[in-house]
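Got your viewer open? Load the model, colour it by secondary structure, and follow along.

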Amino acid sequence: MQRHKSRIAKKVNRVMAYIYVPLLFSFLAYGVTFLLTSDLIKMTISAVELISSDAAPDFNNSYNSIFKKDSVDVSDNNGVQTVKRADVPMAEFGDLYAQLSCDRIGMTDIPIYMGDTDEILKKGIGQNFASNQPGFGSLILLAGHNNMYFSALANVQIGDEFRIDTSYGTYTYRVRETKILNENDKAAYNFMIDHEELVLYTCYPFNTLSRTTKRFFTYCDLVSGPVFVD
């Protein structure tokens, strides 16, 4: 009787081994596969999000465009362009208010929106809401995707000139330097500067399919543009 029970137990153990051993190896294989492909999955998701947003700029009025090139009178006083401060249209959050161009690197009439949320960056260049519009003598901080509107920054050189067309005139800025910095580097820009500076930034390296911790910064000095008068 004892031998009979022993044989039954062995058969049960053999059957259980056929069931559990494959399951164990299956779980192990799944775990290894997940670890090896988790980064790829994240990269693929990011790529799909970026590809789905890679559309031509949409100038639909629902985006509250206040941009009408040279619609505000600009005067010439002895070779100095001036515009009345009261006539300068101030952009609200989400407004399309200007266009950015840099002829040498093939950047032409890219829409600038006030605000730099993910939704805005799908439509064009986003301006940090804490920074100022051109002409106010302060920081202008613009962000864009590195595989969309700011992909051309990969070819920027010292001395290149960027142009911002607004409703109240055209402002030109010359590239002074470029830097690659950590995304959390607090010294990357200064909202309290006492002169006008254009700063463009995007993720680095260029054309990556996932978000990175590095940023490529382009620093530009004001060359010309209308001066505000009361």
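Start with one matched pair of residues: pick Arg 174 and look across to Asp 221, its bridge partner in S10. Keep in mind as you go that this is a predicted model.

**The strands around that pair**

Now widen the selection to strand S8 (residues 169-182) and strand S10 (residues 214-224). S8 and S10 run antiparallel, and ten bridges join them. In general, strands of a sheet pair through backbone hydrogen bonds, either parallel or antiparallel.

Next, add strand S7, residues 161-166. S7 is antiparallel to S8, with six bridges between the two. To find one of these matches, select Arg 163 and then Thr 172, its bridge partner in S8.

Then go back to S10 and bring in strand S9, which covers residues 197-204. Eight bridges hold this pairing, again in the antiparallel sense. Click Tyr 201 and you'll find Phe 217 of S10 standing opposite.

**The whole barrel**

Time to show the rest of the sheet. Which order do the strands follow around the barrel? It goes S3-S4-S5-S6-S9-S10-S8-S7, eight strands that close up with mixed pairing. On average, neighbouring strands of this sheet are turned by 30° against each other, direction ignored.

**A stop in a loop**

Select Asp 194 next, in the loop between S8 and S9. Is Asp 194 buried or exposed? Asp 194 counts as exposed because its relative accessibility is 72%, and the cut-off for exposed is over 50%.

Show side chains here: those of Asp 194 and His 195 are joined by a polar contact of 3.3 Å. Then add Gly 137 to the selection. Asp 194 and Gly 137 are 57 residues apart in sequence, yet their C-alpha atoms are 6.8 Å apart in space.

**Zooming out**

Finally, display the full chain. How many helices and strands does the protein chain have? There are two helices and eleven strands. Walking from the N terminus, you'll pass them as α-β-β-β-β-α-β-β-β-β-β-β-β.

Of the chain's 230 residues, 39% count as buried. Switch on the surface, and you're looking at about 13,600 Å² of exposed area, with carbon and sulfur atoms supplying 55% of it. As for contacts with a separation of 6 or more, 66% of them are between residues 24 or more positions apart.

Terms used:
Residues are numbered from 1 along each chain as its sequence is written. This is a predicted model: local features need pLDDT of at least 70, side-chain atom pairs count only at pLDDT 80 or more; totals for chains, interfaces and linings use all residues. Side-chain values use heavy atoms; hydrogens and water are left out. Two strands pair if DSSP finds at least two bridges between them. Helices (H or I, at least four residues) and strands (E, at least two) are DSSP runs, numbered from the N terminus. Axes are lines fitted to C-alpha atoms, for helices over the stretch in contact, and angles run from 0 to 180 degrees between N-to-C directions. Buried means under 20% relative accessible area, exposed over 50%, partly exposed in between (1.4 Å probe, protein chains only). A polar contact is a pair of N or O atoms within 3.5 Å; within protein, one must be able to donate a hydrogen and the other to accept it, and residues adjacent in sequence count only if both atoms are side-chain atoms. Contact means heavy atoms within 4.5 Å. Accessible areas come from the Shrake-Rupley method with a 1.4 Å probe; for residues, only the protein chains shown count as cover.
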